[in-house]
2 protein chains.
Amino acid sequence: MTDRTLRVALLGCGVVGTEVVRLLQLQRDDLTQRIGASLELVGIAVRRPGRARDLPVDPALFTSDAAALVAREDVDVVIEVIGGIEPARSLLVAALERGVSVVTANKALLAEDGATLYDAARRGNADLYCEASVAGAIPLLRPLRESLAGDRVTRVTGIVNGTTNYILSQMDSTGAGFDEALEEAQALGYAEADPSADIDGFDAAAKAAILAGLAFHTRVTAADVYREGIGEVTASDVRTARDMNGVVKLLAIAERGPDHSGRDSIGVRVHPAILSRTHPLAGVRDAYNAVFVEADAAGQLMFYGRGAGGAPTASAVLGDLVAVCRNRLSDARGAGDSSYAQLRIRPMGETVTRYHVSLDVADKAGVLASVAQAFAVHDVSIQTVHQEGHGDEATLVLVTHEATDAALSATVEEVRRLDSVRAVASVMRVEGGVE
Amino acid sequence: MTDRTLRVALLGCGVVGTEVVRLLQLQRDDLTQRIGASLELVGIAVRRPGRARDLPVDPALFTSDAAALVAREDVDVVIEVIGGIEPARSLLVAALERGVSVVTANKALLAEDGATLYDAARRGNADLYCEASVAGAIPLLRPLRESLAGDRVTRVTGIVNGTTNYILSQMDSTGAGFDEALEEAQALGYAEADPSADIDGFDAAAKAAILAGLAFHTRVTAADVYREGIGEVTASDVRTARDMNGVVKLLAIAERGPDHSGRDSIGVRVHPAILSRTHPLAGVRDAYNAVFVEADAAGQLMFYGRGAGGAPTASAVLGDLVAVCRNRLSDARGAGDSSYAQLRIRPMGETVTRYHVSLDVADKAGVLASVAQAFAVHDVSIQTVHQEGHGDEATLVLVTHEATDAALSATVEEVRRLDSVRAVASVMRVEGGVE
């Protein structure tokens with residue numbers, strides 16, 4: 001059964017690419033058995049082919065001409081771990097259109113323009129697999145796309161960015177402020193020198209778009225995702241969450257349900273939120289990722305593991321590689337993208353959730369009445385309210401029942417204008433049943 | 001794309017079968033889109049076809065002749081939710097040999113004689129999918145078989161039986177004894193009137209065999225699995241675990257590693273153990289299931305969800321159904337079983353782990369010396385020891401470093417014979433890094 005050889009081209013040889021090469025060597029015999037054919041790495045496209053690398057491969061494999069490598073007639077599968085939109089997109093479209101299958105870890109490209117790739121895959125009758133693009137090693141996309149294919153997913157809630165989860169975990173366990181926790185994360189290599197992609201939620205938003213598309217059979221791009229980062233989360237917010245038996249997490253949430261007109265629609269958002277400590281996601285700490293899935297028949301599921309890193313991501317790439325190679329040998333294709341449902345994507349204002357609002361107020365008669373009136377006018381019902389401190393230090397803390405984001409925003413605007421309110425200290429969404 | 005119709009025969013219509021029928025109706029349009037063909041349920045084999053059922057299907061579909069249903073020329077896929085060895089095995093072999101694909105939830109059959117089914121599938125070039133057989137709705141077998149196909153799994157640790165996990169969770173949170181917790185589980189419907197299959201670990205052992213086979217590409221049957229149930233776990237054991245910041249769980253463990261001669265081999269076992277509360281599995285409570293997977297490149301992964309129940313299990317069945325139908329339309333086959341590695345299965349005596357041992361002793365000089373000597377003779381190194389109480393109520397509590405099960409058993413036998421030891425009160429394995 002091992003007479004046949006499948007030829008693999010690798011685009012990119014950074015942290016993930018290096019691990020892919022290493023594992024291809026280390027697991028050579030097992031991969032041959034599991035695929036039913038042997039694999040040959042025929043080229044590695046990199047920016048600087050001459051650079052010294054500590055990799056057990058023929059130096060002649062390295063090339064700076066990625067386009068020529070992808071165009072080689074003998075290539076069966078392209079693995080792309082360059083990242084970014086171009087030249088990755090053009091290279092992958094060229095491969096897919098020629099019928100060459102692709103395994104990619106490129107979340108930015110999939111979230112911005114996955115449709116172009118999937119369309120090319122369809123034209124070329126080729127596979128496009130991307131397990132490594134979301135939550136590193138955690139098998140997640142395949143379960144969503146395949147195992148739950150007979151069910152109806154209603155909600156996906158994920159901790160999908162390790163850097164921000166590390167920072168928030170530190171703030172929770174040490175009481176540190178955001179800047180201090182970020183510095184520590186940078187010192188330990190969990191955060192980049194320019195941490196904006198993580199901190200501001202861009203990375204999580206790209207992953208949310210990919211997850212939402214798979215879960216709801218609808219095309220979703222990063223631009224469709226409401227996004228707030230964790231830069232504004234204070235030590236005081238984290239303490240407040242603790243007092244409610246909650247923890248602050250950066251959540252990526254994709255949910256499906258009827259909109260105000262009763263039409264089935266979806267919402268996709270990334271923002272920090274207070275999550276009950278009894279929720280399975282609350283225990284996901286440090287740089288770990290997890291995704292919590294709710295489906296009509298399956299109930300609640302959670303997938304947990306390493307969300308990033310060379311080896312975990314390479315594991316996901318090789319899992320996909322085995323699948324596309326098996327498909328190739330049996331002249332089959334895996335499930336492509338599925339966007340038949342074409343559900344409407346709701347704007348953030350229609351999102352319904354609960355809110356924790358802290359107001360710095362003047363401690364005088366009538367404050368609560370005027371604040372409560374502002375909430376009532378916008379139909380935002382208050383679940384609990386209590387005052388902390390007094391005199392000039394008084395703070396009014398409110399937790400609402402469910403309300404739309406638009407109603408809450410309007411309420412906050414109105415409250416901000418009240419004479420008795422000195423400042424809106426914080427507004428945090430509350431998820432997962434905190435009381 | 002929806003001109004084609006695929007015909008499905010259902011064997012069994014109990015709790016799971018009823019949900020399968022219900023979901024097939026409810027999700028009809030989505031399933032058609034996801035498969036690319038419509039599904040037609042052409043027959044339901046049951047023991048009593050005339051019985052009144054609250055199901056929205058033509059009563060004429062019910063038949064008591066399962067063999068005739070399976071033999072129908074127009075059937076494309078058979079779903080089996082009868083359970084047990086026969087007649088399920090004969091029916092499925094007949095279907096598979098004729099090239100009819102099978103989706104089954106039958107863990108007992110797969111664990112006892114999965115090889116016969118997989119061989120028949122190979123001969124008939126048909127698919128055999130069984131996601132629902134382990135951990136209900138949790139997508140687990142497919143990730144193990146496919147997503148981790150490019151990695152090397154080293155250990156799988158599962159809480160795979162909801163009944164025993166419910167009982168142990170109750171004992172942990174209320175301090176109840178085993179009998180009391182079992183009665184409550186029975187009253188709530190979490191345990192059967194005859195609870196032996198769950199309590200004595202048979203159910204978990206069948207699932208452990210299936211998991212081990214997939215993880216290690218080796219044929220493993222239920223008879224290869226070392227098995228101890230939870231019937232002997234006392235309120236005192238649970239308290240002891242708490243004192244160590246641990247919790248007692250019934251664990252299904254499949255692990256791979258060199259045996260004493262350095263040869264790669266596997267061990268598969270089901271038994272109660274003290275697990276550190278910091279382990280991700282420790283938080284899995286009540287009737288939930290979870291499986292913790294360790295792999296060389298992926299690191300630590302966990303899959304969590306409902307392990308049983310009609311709807312969750314039916315969700316897994318339908319996920320498989322979509323996959324085999326897609327394969328059928330593209331004339332492809334999914335991955336069959338894989339047993340190329342044929343690793344040796346170690347007997348329990350070779351298992352290496354840590355132990356917690358409680359001894360009722362006479363509180364007199366020399367007791368510790370004689371006990372310590374017995375441990376030393378068998379090369380079982382003691383990590384901590386302390387005495388509780390004194391006089392006739394004295395108890396010596398020891399926690400060992402890693403030792404083989406054979407060495408520990410020999411040690412316990414020797415200790416039991418010591419004059420100064422009145423009784424061996426309990427021996428519990430310790431897993432997951434409790435200190």
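**Entry 1. A tyrosine at the contact**

Which residues does B:Y304 touch, not counting residues up to four places away in sequence? I looked this up in the predicted model. From chain A, I listed A:P280, A:L301, A:M302 and A:Y304. From chain B, I listed B:I138, B:V284, B:Y288 and B:A290. B:Y304 lies in strand β12 of chain B.

I then asked whether B:Y304 is buried or exposed. I counted 27 other C-beta atoms within 10 Å of B:Y304, and the cut-off for a buried residue is 20 or more. B:Y304 is therefore buried. I also looked up a pair distant in sequence: B:Y304 and B:I159 are 145 residues apart along the chain, yet their C-alpha atoms are separated by 9.4 Å.

**Entry 2. Confidence**

Before going further I checked the scores. The mean pLDDT of chain A is 93, and 99% of its residues reach 70 or more. For the complex, the predictor gives an ipTM of 0.86 and a pTM of 0.90. I kept a general caution in mind: where pLDDT is low, the predicted coordinates should not be read in detail.

**Entry 3. Strand pairing between the chains**

I returned to β12 and followed it across the contact. Strand β12 of chain A, residues 299-306, pairs with β12(B) in the antiparallel sense, over five bridges. Within this pairing I found A:M302 opposite B:Y304. A:M302 is also one of the residues that B:Y304 touches.

**Entry 4. The contact as a whole**

How many residues does each chain give to the contact? I noted 50 residues from chain B and 49 residues from chain A. On the side of chain B that touches chain A, the elements giving two or more residues are α1 (15-26), α2 (28-35), α6 (141-147), β12 (299-306) and α12 (310-329) of chain B. Of these, α12(B) gives the most, with eleven residues. By residue type, I recorded 27 nonpolar, twelve polar and eleven charged on this side.

**Entry 5. Symmetry**

I next superposed the copies. A turn of 180° with a shift of 0.0 Å along the axis lays chain B on chain A with an RMSD of 0.0 Å. The two copies are thus related as by a two-fold rotation axis. The same surface serves both copies, since 98% of the contact residues of chain B recur in chain A. I also asked which residue of chain B comes closest to the rotation axis. I found B:F303, with its C-alpha at 2.4 Å.

**Entry 6. The six-stranded sheet of chain B**

I traced an open sheet of six strands in chain B, with parallel pairing and the order β3-β2-β1-β4-β5-β6. Its edge strands are β3 (62-63) and β6 (128-129), each of which pairs on one side only. Strand β1 (residues 5-11) and strand β2 (residues 38-45) of chain B pair in the parallel sense over seven bridges. In β2(B), B:L39 stands opposite B:L6. Helix α4 (residues 88-97) of chain B lies across β1, β4, β5 and β6 of that chain, and runs at about 165° to β4(B).

**Entry 7. Helix α4 in chain A**

I examined helix α4 of chain A, residues 88-97, for burial. Its buried residues are A:A88, A:L91, A:L92, A:V93, A:A95 and A:L96. What covers these residues includes β1 (5-11), α3 (66-71), β4 (77-80), β5 (101-104), α5 (107-124) and β6 (128-129) of chain A. After α4(A) comes A:G99, with a positive phi near 90°.

**Entry 8. A leucine in strand β2 of chain A**

A:L41 sits in strand β2 (residues 38-45) of chain A. I counted 17 C-beta neighbours inside 10 Å, so A:L41 counts as partly exposed. Not counting residues up to four places away in sequence, A:L41 touches A:V8, A:L10, A:V21, A:L24, A:V57 and A:L61. A:P143 is 102 residues from A:L41 along the chain, and their C-alpha atoms are separated by 28 Å.

**Entry 9. Strand β18 of chain A**

Finally, I looked up two pairings of strand β18 (residues 421-431) in chain A. With strand β10 (residues 264-276) of chain A, the pairing is parallel, over three bridges. Here A:R429 is the bridge partner of A:A273. With strand β14 (residues 352-361) of chain A, β18(A) runs antiparallel, and eight bridges join the two. Here A:H356 has A:M428 as its bridge partner.

Definitions and conventions. Residues are numbered from 1 along each chain as its sequence is written. Chains are lettered from A and ligands numbered from 1 in the order in which they are written. This is a predicted model: local features need pLDDT of at least 70, side-chain atom pairs count only at pLDDT 80 or more; totals for chains, interfaces and linings use all residues. Helices (H or I, at least four residues) and strands (E, at least two) are DSSP runs, numbered from the N terminus. A residue is buried if 20 or more other C-beta atoms lie within 10 Å of its own, exposed if 12 or fewer, and partly exposed in between; C-beta atoms are placed from the backbone. Two residues are in contact if their C-beta atoms, placed from the backbone, lie within 7 Å. Ala, Val, Leu, Ile, Met, Phe, Trp, Tyr, Cys and Pro count as nonpolar, Asp, Glu, Lys and Arg as charged, and the others, Gly among them, as polar. Two strands pair if DSSP finds at least two bridges between them. Axes are lines fitted to C-alpha atoms, for helices over the stretch in contact, and angles run from 0 to 180 degrees between N-to-C directions. pLDDT is the predictor's confidence in each residue, from 0 to 100. Copies are superposed by least squares on the C-alpha atoms of residues with pLDDT of at least 70 in both.
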